[in-house]
Amino acid sequence: MKWSVPVVHTYNVTSDAKDHLARSQLCGIDFITNSGDKTLLSMSSGEIMYIHNYDERRAQDISSYDSLGRFIVAKYVLDKIIVYVRYCHNEDVDTHVGQVVAVGEALGEYGNTGYSFGDHV
């Protein structure tokens, strides 16, 4: 199975899994593009399982899923192992639950929704 980063090249990793675990008990990696193109790309081929349209009034509550902003959960299968990827803080979502997606397919536009300090995914 082919995997790719969720943003167009060139990009920076602004926070890695260790950083996330230290501050929020989440395991994640934050990406931004250097080009300003905020297209969100599917990291592999799979299926969209869930889309969370957040409540902005609860975005500052880090115990709430709303702190993750508008997010997408995709299901991928890697050597018979199911992997769920959550793409958080999106400005726009251009997909729907049940949609089958290919690696590199546009899912929407990443952004700064939820408890966030700048555009990233």
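**Exercise 1. Determine which residue of S8 stands opposite Glu 47, and place the pair in its sheet.**

Solution. Glu 47 has Val 100 of S8 opposite to it. Strands here are DSSP runs (E, at least two residues), numbered from the N terminus. The model is predicted: local features need pLDDT of at least 70, side-chain atom pairs count only at pLDDT 80 or more, and totals for chains, interfaces and linings use all residues. Residues are numbered from 1 along each chain as its sequence is written, and side-chain values use heavy atoms, with hydrogens and water left out.

Next, take the strands. S4 covers residues 46-52 and pairs with S8 in the antiparallel sense over two bridges; two strands pair if DSSP finds at least two bridges between them. Finally, take the sheet, which is open, has four strands in the order S6-S5-S4-S8 and is antiparallel in its pairing. S6 (81-87) and S8 are at the edges with a single partner strand each, so one side of each has no neighbour in the sheet.

**Exercise 2. Give the strand order of the open sheet of three strands, and find the partner of Thr 39.**

Solution. The order is S3-S9-S7, with antiparallel pairing. The edge strands, S3 (39-41) and S7 (90-93), each pair on one side only. From one strand to the next, the twist averages 40°; axes are lines fitted to C-alpha atoms, for helices over the stretch in contact, and angles run from 0 to 180 degrees between N-to-C directions. S3 and S9 (residues 106-110) are joined by three bridges. Thr 39 has Glu 109 in S9 as its bridge partner.

**Exercise 3. Locate Asp 94 and list its contacts beyond four places in sequence.**

Solution. Asp 94 belongs to the loop between S7 and S8 (100-101). Apart from neighbours within four places in sequence, Asp 94 contacts Gln 99, Leu 107 and Gly 108, where contact means heavy atoms within 4.5 Å. For Leu 107, 13 residues away along the chain, the C-alpha separation from Asp 94 is 5.3 Å.

**Exercise 4. State which element gives the largest share of the nonpolar patch.**

Solution. The patch includes Met 1, Trp 3, Tyr 50 and Ile 82, and its residues together have about 830 Å² of accessible area. Patches are made of residues with over 30% relative accessible area and no salt bridge; like charges are joined within 9 Å, nonpolar side chains (Val, Leu, Ile, Met, Phe, Trp, Tyr) within 5 Å. Areas come from the Shrake-Rupley method with a 1.4 Å probe; for residues, only the protein chains shown count as cover. S4, S5 (71-78) and S6 each give two or more residues. The largest share, three residues, is that of S6. Ile 82 is in S6 and is partly exposed at 45% relative accessible area; buried means under 20%, exposed over 50%, partly exposed in between (1.4 Å probe, protein chains only).

**Exercise 5. Count the salt bridges and describe the one between Lys 38 and Asp 119.**

Solution. There are four salt bridges, each a side-chain nitrogen of Lys or Arg within 4 Å of a carboxyl oxygen of Asp or Glu. In the pair Lys 38 and Asp 119, the closest N and O atoms are 3.2 Å apart. Lys 38 is in the loop between S2 (30-33) and S3, and Asp 119 in the segment after S9, so the pair ties together parts 81 residues apart in sequence.

Another salt bridge joins Arg 58 and Asp 66 (3.1 Å, N to O). Arg 58 is partly exposed at 41%, whereas Asp 66 is buried at 8%. Lys 38, Glu 109 and Asp 119 form one network through salt bridges that share partners.
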